[in-house]
Amino acid sequence: MEQEFLQALQAFYYEGKSIMSNEEFDNLKEELMWEGSSVVMLSADEQRFLEASMAYVSGTPLLSDKEFDELKQKLKADGSEIVVEGPRCSLRSRKVYSDLSVDYLKMFLLNVPAAVVALGLFFFLDDITGFEITYLLELPEPFSFIFTWFAALPLILWLSFTLTNAVVKDVLILVGVCPNCGTENNSFFGSILSISSGGSTNNVKCSNCGSALVYDSKTRLITLPEGSEA
């Protein structure tokens, strides 16, 4: 059904014809949504990428190699899971690759230390004001709710993000599987207290097999250096 859905999109947007009625298309889309299919929830670029991939396999490419690579790179930068592939070998470069994706959990956890400091400052301010903040938090509803969710919490979040950005800048944490053994490894890109991680590429040693890996934040690829065994 997912293939029929994509074929209908391809025929409509690229060939200007319908291979099914509007009612049939809507019923197909609704059924896929009920079954939890990710295809109908894709962005326009993701749908275009899947359509281009399917057309290429069928021998009627919709995009040039350059356009396809640019679209794939854009989706990688946007954090789309559609373009993430496992370890594979390139016959042209004779290298083994694996895709990288953003580790949003670890990037979020970077704010935890600053959040603890922000909470400490919040309680310190409460103490030196004679617990005036506590008094505001204990006001009758809806005043307590309004103060908590629209004043106290936004202030704490703003302080934590401000403190984190003062220490860590241009942060990007990428995760991908080792092309040699399949173990997930992370790499940090950015600067801590103005000390840079070293540019757009990092050299990482696999935590499981010890393979030397090259992480590229621009292409979002892991590469086994030439001469490495895979």
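Trainee: Which residues of the largest nonpolar core touch the most other members?

Mentor: Good place to start, and keep in mind that this is a predicted model. Leu100, Leu172, Leu174, Phe189, Leu213, Tyr215 and Ile222 touch the most other members of that core, which has 13 residues. Two strands, β4 (168-177) and β8 (212-216), each supply at least two of its residues.

Trainee: What is leucine 174 in contact with, leaving aside its neighbours within four places in sequence?

Mentor: Quite a list: Leu100, Ser101, Val102, Asp103, Asn185, Asn186, Ser187, Phe189, Tyr215, Ser217 and Arg220. There is also a second, separate core of seven residues, with Phe5, Ala8, Leu28 and Met54 among them.

Trainee: Why is cysteine 178 in no disulfide?

Mentor: Compare the distance with the cut-off. A disulfide needs two cysteine sulfur atoms within 2.5 Å. The nearest cysteine sulfur to that of cysteine 178 belongs to cysteine 209 and is 3.8 Å away, so the pair fails the test. For cysteine 209 itself, the nearest cysteine sulfur is that of cysteine 206, at 3.6 Å, and cysteine 209 is in no disulfide either. The structure holds zero disulfides.

Trainee: Why does cysteine 178 count as buried, and why is cysteine 209 called partly exposed?

Mentor: Buried means under 20% relative accessible area, and exposed means over 50%. Cysteine 178 has 0%, so it counts as buried. Cysteine 209 has 35%, which lies in between, so cysteine 209 is partly exposed.

Trainee: What makes lysine 76 buried?

Mentor: Its relative accessible area is 7%, and that is under 20%, so lysine 76 is called buried. Lysine 76 is placed in helix α4 (residues 65-77). Not counting residues up to four places away in sequence, lysine 76 touches Val83, Asp99, Thr219, Arg220 and Leu221.

Trainee: How do you know that the reach of helix α8 is close to the expected one?

Mentor: Set the two spans side by side. Helix α8 (residues 143-167) has 25 residues, and 1.5 Å a residue gives an expected 36 Å. From its first C-alpha to its last, α8 reaches 35 Å, so the two are close.

Trainee: Where does α8 have a kink?

Mentor: The kink, of about 30°, lies at leucine 153, shortly before proline 154.

Trainee: Which residues of α8 are buried, and what do they pack against?

Mentor: Ser144, Phe147, Ala152, Ile156, Ser160 and Thr164 are the buried ones. Their packing partners are α6 (112-128), α7 (132-137) and β4. That brings us back to β4, a strand that supplies at least two residues of the largest nonpolar core.

How values were computed. Residues numbered from 1 in each chain as written. Predicted model: local features only at pLDDT ≥ 70, side-chain atom pairs only at ≥ 80, totals over all residues. Heavy atoms only, no water. Buried < 20%, exposed > 50% of the residue type's maximum accessible area, 1.4 Å probe, protein only. Helix = DSSP H or I, 4+ residues; strand = E, 2+ residues; numbered from the N terminus. Contact = heavy atoms within 4.5 Å. Core = buried A, V, L, I, M, F, W, Y, C linked by side-chain atoms within 4.5 Å. Bend = angle between axes of the 7 residues up to and from the residue.
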